[in-house]
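Open the model in your viewer and keep the selection box handy. We will go from stop to stop, and at each one you can pick out the residues and look around.

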Amino acid sequence: MNTPARLGIFGLGLAAVFGAALGAGHLTGPVGAEEKPHTAHGGMEHQGHESALPGGLLVSDRGYTLTTVPDATGAFAFRIIGPNGRAVTAFDTQHDKRMHLIVVRRDLSGFRHVHPTMGADGTWRVASPLSGAGTYRAFADFKPTGADPLTLGIDTAVAGAATPRPLPAPAEIATVDGYTVTLIGTLAAGRTGRLDLAISRDGKPVTDLQPYLAAYGHLVALRQGDLAYLHVHPDGEPGDGKTKPGPTITFYAEAPSAGTYRLYLDFQHDGAVHTAEFTVVAGGPTGTGTSGDHQHHAG
């Protein structure tokens, strides 16, 4: 876990929270409280150099392509095809895993963060994270050995009648599985902001969060509309001698453009992973953002 580093994905890709101009803008991710560099996934800087688009908007980038594979068992299967036209089989571990798969419906509901396993032929498989009819966006967040980190995205559909769910209104408190998560801070375009997420249960602060994927919390931000993506990690890490296991997890983020984003916070407590969700509206460079309602999905 590193300290804030600038991303350029959907600006916050959540730049800790949110991406760039949702359609096509320069995105930046968690940056340190100005002087602290942070690590995030999906950001353009995270990927090694400036990119024209935020993370997750492309199915193919820098010679790598995400392709789904039919699977008779019903599992969600895919491969990463490399510049040589063959399935990539060498990946570096990032945050305890070689592959992070994020899946969400196009209306930003049904969020899942799962970790597939890879076969000898380079095919990744995981029990299907698709929950019901609808069109989903799947994001593969990975680092090929010897190359820069990448986040590629692809649409996949589940047949059947699907009614789009309206995005919950902005709010500063989310409840999930008996936990209350409060979002403190604002999100603005072109300006780095601090986002504190405080977790409590039964009215008492949770001070014994457990490390999950080498962090006390993981934040994914998706921009409404194009679903520009950013996977951000918090300031500090377990065992660094200064980061406390709750109740507050801090992120730094910059939105490259004004707009509406959905934030998903994964945290682990008492052996279970929980996901709190917020709707956030990022204002202009001098404006403020508001955060919002939630829905729960196990991470």
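Start by selecting residues 173-176, which are strand 11, together with strand 12; the two run antiparallel and are joined by 4 bridges. Keep in mind as you look that this is a predicted model. Strands 11 and 12 make a hairpin with 2 residues between them. Click on Asp177 in that turn: its phi is positive, about 55°. For one rung of this pairing, show Thr175 and its bridge partner in strand 12, Thr180.

Now select all of strand 12, residues 179-184. Which of its residues are on the covered face, and which on the uncovered one? Tyr179, Val181 and Leu183 make up the covered face, while Thr180, Thr182 and Ile184 are on the uncovered face. In a regular strand, side chains alternate between the two faces of the sheet.

Strand 12 has another partner to add to your selection: strand 13, residues 192-201, is joined to strand 12 by 6 bridges, and the two run antiparallel. To see where they meet, show Thr182 and, opposite it in strand 13, Ala198.

Next, select residues 259-269, strand 18, and find Arg262 within it. Is Arg262 buried or exposed? Its relative accessibility is 0%, so Arg262 counts as buried. Show the side chain of Glu277 as well: the side chain of Arg262 makes a polar contact with it at 3.3 Å. Then add Val280, which is 18 residues away from Arg262 in sequence; from C-alpha to C-alpha the two are 6.1 Å apart in space.

Stay in strand 18 and move to His269. With a relative accessible area of 4%, His269 is also a buried residue, because buried means under 20%. Which side chain does His269 meet in a polar contact? Show Asp208, whose side chain is 2.6 Å from that of His269 in this contact. To fill in the surroundings, select the residues that His269 touches beyond four places in sequence: Tyr179, Arg201, Val206, Asp208, Leu209, Gln210 and His274. You have already met Tyr179, on the covered face of strand 12.

The next stop is an open sheet of 4 strands, in the order 6-5-9-10, with antiparallel pairing. Its edges are strand 6 (112-114) and strand 10 (150-158), each of which pairs on one side only. From one strand to the next, the twist averages 20°. Within this sheet, select strand 5 (residues 99-105) and strand 9 (residues 134-142), which pair antiparallel over 7 bridges. Show Arg105 here, and you will find Tyr136 of strand 9 opposite.

There is another open sheet to visit, with 5 strands in the order 2-3-4-8-7, again paired antiparallel. Strand 2 (60-61) and strand 7 (117-118) are its edge strands, each pairing on one side only. Select strand 2 with strand 3 (residues 64-69): this antiparallel pair has 2 bridges. Asp61 and Tyr64, the latter in strand 3, are bridge partners.

Finally, colour the model by pLDDT. The chain has a mean of 81, and 77% of its residues reach 70 or more. Select residues 1-51, where pLDDT is below 50; the model gives this stretch 286 contacts beyond near neighbours in sequence. Residues 291-299 also stay under 50, with 54 contacts beyond four places in sequence. Where pLDDT is low, the predicted coordinates should not be read in detail.

Conventions
Residues numbered from 1 in each chain as written. Predicted model: local features only at pLDDT ≥ 70, side-chain atom pairs only at ≥ 80, totals over all residues. Heavy atoms only, no water. Buried < 20%, exposed > 50% of the residue type's maximum accessible area, 1.4 Å probe, protein only. Pairing = 2+ DSSP bridges. Polar contact = N/O pair within 3.5 Å; in protein donor to acceptor, adjacent residues only side chain to side chain. Axes fitted to C-alpha atoms, helices over the stretch in contact; angles between N-to-C directions. Contact = heavy atoms within 4.5 Å. pLDDT = per-residue confidence, 0-100.
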